[in-house]
Amino acid sequence: VAPEILKGAKADTKCDIFSLGSLFYNLLTGLSMYRGRTSQDVLSQNKYTNPNRMVEQYCQKISPSARALLLWMVSVSPERRPSAE
């Protein structure tokens with residue numbers, strides 16, 4: 001789920017882009033972007049953690065263009081994500 005949803009914003013296509021980016025991250029790394037012992041831990045990480053750190057740490061072996069696309073898709077700021085419209 002896009003972090004802005006957890007902060008009370010309404011869902012829109014930028015949220016879908018974030019979700020696709022999260023799935024893309026899972027496919028590229030074999031890992032979930034956010035991990036925790038409980039679902040509350042995972043949601044808290046999703047709400048407050050910048051995913052760029054995980055991308056930079058776990059996506060070193062993917063092409064620079066794939067990494068750039070992933071970073072664009074999971075930007076914390078919805079305004080910085082690509083448009084689906």
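The following dialogue examines the helices, contacts and surface of a predicted model.

Student: How many salt bridges does the structure hold?

Tutor: The pair concerned is Glu 4 and Arg 81, whose closest N and O atoms are 2.8 Å apart. A salt bridge requires such atoms to lie within 4 Å. The number of salt bridges in the structure is 1.

Student: How many residues apart along the chain are Glu 4 and Arg 81?

Tutor: Both partners of this salt bridge are buried. Glu 4 belongs to helix α1 (residues 3-6), whereas Arg 81 is in the segment after α5. The pair thus links distant parts of the chain, with a separation of 77 residues.

Student: What distance separates the end C-alpha atoms of α2?

Tutor: Helix α2 covers residues 13-29. With 17 residues and 1.5 Å a residue, its expected span is 24 Å. The distance in the model agrees with this expectation, being 24 Å.

Student: What arc do the buried residues of α2 cover around the axis?

Tutor: The buried residues of α2 are Lys 14, Cys 15, Ile 17, Phe 18, Gly 21, Ser 22, Tyr 25 and Thr 29. Their cover includes α1, α3 (39-48), α4 and α5. These buried residues are placed on the same side of α2, because the arc is only 155 degrees.

Student: Which residues make the nonpolar surface patch of about 320 Å²?

Tutor: One member of the patch is Leu 20, which is located in helix α2. Leu 20 counts as partly exposed because its relative accessibility is 48%, and a patch residue must have over 30%. The patch is made by Leu 20, Leu 23 and Leu 27.

Student: Within what arc do the buried residues of α5 fall?

Tutor: Helix α5 (residues 64-73) has Ala 66, Arg 67, Leu 70 and Met 73 as buried residues. Seen down the helix axis, these residues line one face of α5, because they fall within an arc of 125 degrees.

Student: Which residues are exposed on the other side of α5?

Tutor: The buried residues of α5 have cover that includes α2 and α4 (52-58). To count as exposed, a residue needs over 50% relative accessible area. On the other side of α5, the exposed residues are Pro 64 and Ser 65.

Student: Is Asn 46 buried or exposed?

Tutor: Asn 46 is part of helix α3. Leaving aside neighbours within four places in sequence, its contacts are Val 1, Ala 2, Pro 3, Leu 6, Phe 18 and Tyr 34. The threshold for burial is under 20% relative accessible area. Since its relative accessibility is 6%, Asn 46 counts as buried.

Student: With which residues is Thr 29 in contact, leaving aside its neighbours within four places in sequence?

Tutor: Thr 29 lies in helix α2 and is one of the buried residues there. Its C-alpha atom is 9.2 Å from that of Val 55, although the two are 26 residues apart in sequence. Contact requires heavy atoms within 4.5 Å. The residues that Thr 29 contacts are Tyr 58 and Cys 59.

Student: What distance separates the C-alpha atoms of Gln 60 and Thr 29?

Tutor: Gln 60 occupies the loop between α4 and α5. Its relative accessible area is 48%, so Gln 60 is partly exposed. Gln 60 and Thr 29 are 31 residues apart along the chain, and their C-alpha atoms are separated by 10.0 Å.

Conventions:
Residues numbered from 1 in each chain as written. Predicted model: local features only at pLDDT ≥ 70, side-chain atom pairs only at ≥ 80, totals over all residues. Heavy atoms only, no water. Patch = residues over 30% accessible without salt bridge, like charges linked within 9 Å, V, L, I, M, F, W, Y side chains within 5 Å. Areas by Shrake-Rupley, 256 points an atom, 1.4 Å probe, with all protein chains shown as cover. Salt bridge = Lys/Arg side-chain N within 4 Å of Asp/Glu carboxyl O. Helix = DSSP H or I, 4+ residues; strand = E, 2+ residues; numbered from the N terminus. Buried < 20%, exposed > 50% of the residue type's maximum accessible area, 1.4 Å probe, protein only. Arc of directions from axis to C-beta. Expected span 1.5 Å × (residues − 1).
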